[in-house]
Amino acid sequence: MKYENSDRQDAQESSNDLIGIAFIGLGHMGGPMAANLVSAGYSVTGFDVVPAALEAAAAAGVVVAESSAAAALGADVIITMLPAGKHVFAAFEGDGPGGGLLAAAKPGALFLECSTISVEDARTAHEMVVSGGHRGLDAPVSGGVVGAEGGTLTFMVGGSEEDFAAAAPLFEVMGRRIVHCGGPGSGQAAKVCNNMILGVSMIAVSEAFVLGEKLGLTHQALYDVAANASGQCWALTTNCPVPGPVPTSPANRDYVPGFAGALMAKDLGLAVEALNATGVDAVLGRSAEEIFREFALDGGAGTDFSGIINSIRAASDHPETD
């Protein structure tokens with residue numbers, strides 16, 4: 001697969017090879033992001049625990065290292081895209097040959113932590129980075145695999161203005177919209193809030209389509225109305241949960257993600273963690289977390305989160321009775 005960012009690649013390409021980037025976590029998101037950096041002229045050394053991910057990254061021009069510490073050795077920038085906070089902490093501290101990323105990176109290296117983790121974990125990670133003599137930003141993303149491949153991700157960034165400015169050229173290769181949200185942890189805070197909106201809105205859109213089916217509306221008729229009225233939202237017009245109205249939505253590919261149900265369940269779990277910590281009364285956010293947690297446990301973990309519509313249909317056809 002070819003990754004192109006032709007409108008961004010011309011700027012400062014001649015100096016890109018002077019910046020050494022370590023990319024830790026080369027999965028469905030990290031792999032394409034690293035490949036886009038290579039395509040823009042950057043020197044990228046990467047590591048992942050999954051051999052297939054390493055093979056794909058190598059095919060895209062990433063130099064494969066034998067460990068995360070080896071990838072970070074002497075790097076100017078270290079990008080992490082890992083499953084959870086505990087994996088970030090383990091990578092930072094390390095317990096294998098060469099130690100962790102903090103010890104391996106050159107003094108003053110810039111850490112871009114792009115995983116989706118809790119706000120508290122993001123702040124802890126930032127403290128670890130600074131204590132290790134480095135600089136750091138939390139920079140989770142939105143846009144899914146399609147955005148990672150196309151270089152159209154949205155980056156929500158927390159950290160200092162100076163570090164944000166230093167990282168901006170890299171974000172612009174991997175993303176289309178980059179927002180500085182505030183100090184350390186603010187990027188993760190924005191991601192948690194955004195994905196709570198997304199989870200709630202996908203359930204609402206799916207419930208509306210199932211109701212429309214029961215009332216005799218075609219999918220196209222309901223879409224044509226809601227997409228041009230007050231029901232318009234991303235869950236409808238980009239990730240429509242029924243096949244047909246939006247040909248590029250996962251519903252047209254048997255709900256192949258996209259953004260997997262397991263990831264939505266995880267992100268809503270982080271939202272509930274933040275709700276509990278702040279004491280916010282959020283009935284819909286908590287309900288969405290319960291719904292997607294059940295969806296993931298009942299076989300929806302590996303399907304697109306818009307597949308929640310099938311669970312709603314099943315419950316509507318066979319309602320529970322007291």
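**A walk from strand 4 to helix 15**

Setting aside residues up to four places away in sequence, Thr-80 touches Ile-24, Phe-92, Leu-101, Leu-112, Glu-113, Cys-114 and Ser-115. Contact here means heavy atoms within 4.5 Å. Thr-80 sits in strand 4, residues 77-80. Its relative accessible area is 1%, so Thr-80 is buried. (Buried is under 20% relative accessible area, exposed is over 50%, and partly exposed is in between, with a 1.4 Å probe and protein chains only.)

The model is predicted: local features need pLDDT of at least 70, side-chain atom pairs count only at pLDDT 80 or more, and totals for chains, interfaces and linings use all residues. Residues are numbered from 1 along each chain as its sequence is written, and side-chain values use heavy atoms, with hydrogens and water left out. Helices (H or I, at least four residues) and strands (E, at least two) are DSSP runs, numbered from the N terminus.

Phe-92, one of the residues touched by Thr-80, leads to helix 6. This helix spans residues 85-93, and its buried residues are Gly-85, Val-88, Phe-89, Ala-91 and Phe-92. They share the same side of helix 6, because they cover an arc of only 165 degrees around the axis. That arc is taken from the directions from the helix axis to the C-beta atoms. What do the buried residues of helix 6 pack against? Their partners are strand 4, helix 7 (101-104), strand 5 (110-113) and helix 8 (119-131). Gly-94 follows helix 6, with a positive phi near 70 degrees.

Next come two helix pairs. Two packed helices are described by the angle between their axes and the distance between the axes. Axes are lines fitted to C-alpha atoms, for helices over the stretch in contact, and angles run from 0 to 180 degrees between N-to-C directions.

Take helix 11 (residues 186-214) and helix 12 (residues 219-226). Their axes come within 10 Å and cross at roughly 130 degrees. Helix 11 and helix 12 are therefore oblique to each other. (Under 35 degrees counts as roughly parallel, over 145 as roughly antiparallel, 65 to 115 as roughly perpendicular, and the rest as oblique.) Helix 11 contributes Ala-208, Phe-209 and Glu-213 to the contact, and helix 12 contributes His-219, Leu-222 and Tyr-223. By class, this contact of helix 11 with helix 12 holds 4 nonpolar, 1 polar and 1 charged residues. (Ala, Val, Leu, Ile, Met, Phe, Trp, Tyr, Cys and Pro count as nonpolar, Asp, Glu, Lys and Arg as charged, and the others, Gly among them, as polar.)

Now follow the loop between helix 13 (234-237) and helix 14 (261-278), where Gly-258 lies. A cis peptide bond joins Pro-257 and Gly-258, with omega about 15 degrees. Asp-254 is in the loop too. So is Tyr-255. Neither is glycine, yet phi is positive in Asp-254, near 60 degrees, and in Tyr-255, near 65 degrees. Are these two residues buried or exposed? Asp-254 is exposed, at 67% relative accessible area. Tyr-255 is buried, at 9% relative accessibility.

Past the loop, helix 14 packs with helix 15 at an angle of about 150 degrees, their axes 8 Å apart. Helix 14 and helix 15 are therefore roughly antiparallel. The contact residues include Ala-262, Leu-268 and Val-272 of helix 14 and Arg-286, Phe-292 and Ala-296 of helix 15. This contact of helix 14 with helix 15 divides into 10 nonpolar, 5 polar and 3 charged residues.

Gly-299 belongs to helix 15, residues 283-300. Gly-299 is exposed, at 58% relative accessibility. Gly-299 and Ala-262 are 37 residues apart in sequence and 9.6 Å apart in space, C-alpha to C-alpha.
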